[in-house]
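I opened this structure today to practise reading one. My notes are below, in the order in which I looked things up.

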Amino acid sequence: MPGDNTLKGSRDNPGLGAGAWLKDADGVAGPAPPQSEAGAPKRRWLMLWVFSAVSASNASMWIQYGIIGNIFMRFYGVDSLAVDWLAMIYLLTYIPLILPVLWLLTSRGIRDVVLVGAAFNCIGAWIKVGSAAPDMFAAAVLGQFVCSVATVFVLGIPSYLASVWFGAKEVSTACSIGVLGNQLGIAIGFLVPPILVPNVDDMDELAHHIRIMFYITAGVATFLFVLVVFVFQERPELPPTQAQARARNMPPEEYSYVASILRLLRNRPFILLILTYGLNVGCFYAVGTLLNRMIIDHYPGEEVNAGRIGLTIVIAGMVGSLICGIWLDKTKTYKQTTLVVYFMSLVGMIVYAATLHLGHLWVVFITAGALGFFMTGYLPLGFEFAVELTYPESEGTSSGLLNCSAQVFGIFFTICQGKIMDRFNTMAGNIFLCVFLLVGTIMTGFIKSELRRQNANLSSKTGVSAKISIWFLIHSGHVTAGKTHFLWQ
């Protein structure tokens, strides 16, 4: 775990604080409950919103080429696959870099990781400013690659940030807000490029519009980097939950990053979740990357509406994410909610595929919104379910492995669906995704629900309540001081 894992005020580290442990007359100590949500630092919400903004900035640049792919094909003189790779490079870069970044997260902590991610995001955005010329496709690839490196540093942070800074009654909602930032960025990436870069014939005018778009994204990325420098902190002074208190109390020498990875890979329910999460989110990546081609194929000249449909998918998904997060905080029904949302993602994909070719854009808006509500709403569910299945392993590690699976399946689905669409039609490509969503739904039903984090919080609360009761018995004279050592065992 990052930094000093010894719990503040523990018996092994008494000099770090007072009041975090209860002591009797013989000096025997027991842990007091962590801070309540009411006493938690308000900075946690500012940090969450700043992180969400950084994630949004980075995600918006993922799709800003693909949603107007036909325009960039003509501008750079490249084929559709080359433009698709400007989005898929985000997925490809993640795979080899995620394990080193996870090690950095466990050894250096959340502040350094988010800071490096914001820096890469800023640098990549400024490189892309120089790519606004027909002969600068290589610069576009380089800038997009640097931005994709930033993704590795920010994509898996929501569950880690939520667990380290937020209490048990807020953690799922906080994770949903963190994921919401990424979704908001994708929504901006769908909406803004078709508006800022119209499909004009004059190449100089087109380059001017592209340059303005890149200047805006670079300016925003720079501002957010400065915010991260001044706003982000490593962790709160007191742990927000009993699960975090236990994690901090783990001596650093007992934590092994490699051993943690191996334990996760031997966790069968988590392995099933890795596969099912990858199938679902990989389908979302394919739909987002190829959305322009799908819409233009059936509705020529509707680049702006293609972006609006993408916006509808993501906005509906943001609503779904928030609702799912609040629902989990209230009910803790992780597997049941995950299974229902996964099944509805399959239903939404089938309806979307069946209505895309009907010739009515308003129908596509409705069906795409329904698809986005469930498919994008699934993202925070996967993160939170993974944390439950893998506690006390690092939240960043579990979410990083989930995202790695999503990137692998995303590349596979995008290439395969693109080839199927080229050879057959859009319907065949969407049926291809429906088959894998069906497989994922069935596999989700076989995940054994082991809510380890919830069990740790409940058992710790029970133990602390018992020790507090004994403390009051001692000081009320109902128990003699000589019996305290026995009672604290």
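These entries cover salt bridges, surface patches, helices and a few contacts.

**Entry 1: what kind of model**
I noted at the start that this is a predicted model.

**Entry 2: salt bridges**
I asked how many salt bridges the structure holds. I found two. In general, side chains of opposite charge can pair when their charged atoms come close.

I looked up the bridge between Arg293 and Asp84, where the N to O distance is 3.0 Å. Arg293 belongs to helix H11 (residues 268-298) and Asp84 to helix H3 (residues 80-108), so this pair ties together parts that lie 209 residues apart in sequence. Buried or exposed: which are Arg293 and Asp84? I recorded both as buried.

I then turned to the salt bridge of Arg293 with Asp422, whose closest N and O atoms are 2.5 Å apart. Here Arg293 in helix H11 is linked to Asp422 in helix H16 (residues 395-423), across 129 residues of sequence. I wrote down Asp422 as exposed because its relative accessibility is 53%, and exposed means over 50%. Through shared partners, the salt bridges join Asp84, Arg293 and Asp422 into one network.

**Entry 3: a charged patch**
I asked which residues gather in a patch of negative charge on the surface. They are Asp201, Asp202, Asp204 and Glu205. I picked Asp204 from this group and placed it in helix H8 (residues 203-231). Asp204 has a relative accessibility of 63%, so I counted it as exposed.

**Entry 4: a nonpolar patch**
I found a nonpolar surface patch of about 240 Å², made by Leu81, Trp85 and Leu92. Trp85 sits in helix H3, the helix that also holds Asp84. Why did I write "partly exposed" beside Trp85? Its relative accessibility is 31%, so Trp85 gets that label; the range for it lies between 20% and 50%.

**Entry 5: buried residues of H3**
I stayed with helix H3 and looked up Tyr90, which lies in it. Tyr90 has a relative accessible area of 4%, so I noted it as buried. I asked how many residues apart Tyr90 and Gln407 are in sequence. They are 317 residues apart, but their C-alpha atoms are 8.1 Å apart in space.

Val101 is in helix H3 as well. With a relative accessible area of 8%, Val101 is buried. I noted 6.5 Å between the C-alpha atoms of Val101 and Phe153, with their positions 52 residues apart in sequence.

**Entry 6: Ser52 in H1**
I located Ser52 in helix H1 (residues 43-63). Ser52 is buried, as its relative accessible area is 5%. I looked up Ser52 together with Gly185: the C-alpha atoms are 9.0 Å apart, and the two residues are 133 apart in sequence.

**Entry 7: two helix lengths**
I checked helix H7 (residues 171-196), which has 26 residues. At 1.5 Å a residue H7 should span 38 Å, and its end C-alpha atoms are 37 Å apart, so the two values agree. I asked how many residues of H7 are buried. I found 20 of its 26, and wrote H7 down as mostly covered.

I did the same for helix H12 (residues 303-331), which has 29 residues. H12 reaches 42 Å from its first C-alpha to its last, close to the expected 42 Å at 1.5 Å a residue. Just after H12 comes Lys332, and I noted its positive phi of about 60 degrees.

**Entry 8: back to Arg293**
I closed by going back to Arg293, which has a salt bridge to Asp84 and one to Asp422. In my notes Asp84 is buried, whereas Asp422 is exposed.

Notes
Residues numbered from 1 in each chain as written. Predicted model: local features only at pLDDT ≥ 70, side-chain atom pairs only at ≥ 80, totals over all residues. Heavy atoms only, no water. Patch = residues over 30% accessible without salt bridge, like charges linked within 9 Å, V, L, I, M, F, W, Y side chains within 5 Å. Areas by Shrake-Rupley, 256 points an atom, 1.4 Å probe, with all protein chains shown as cover. Salt bridge = Lys/Arg side-chain N within 4 Å of Asp/Glu carboxyl O. Lys, Arg positive; Asp, Glu negative; His and termini not counted. Charge placed at Lys NZ, Arg CZ, Asp CG, Glu CD. Helix = DSSP H or I, 4+ residues; strand = E, 2+ residues; numbered from the N terminus. Buried < 20%, exposed > 50% of the residue type's maximum accessible area, 1.4 Å probe, protein only. Expected span 1.5 Å × (residues − 1).
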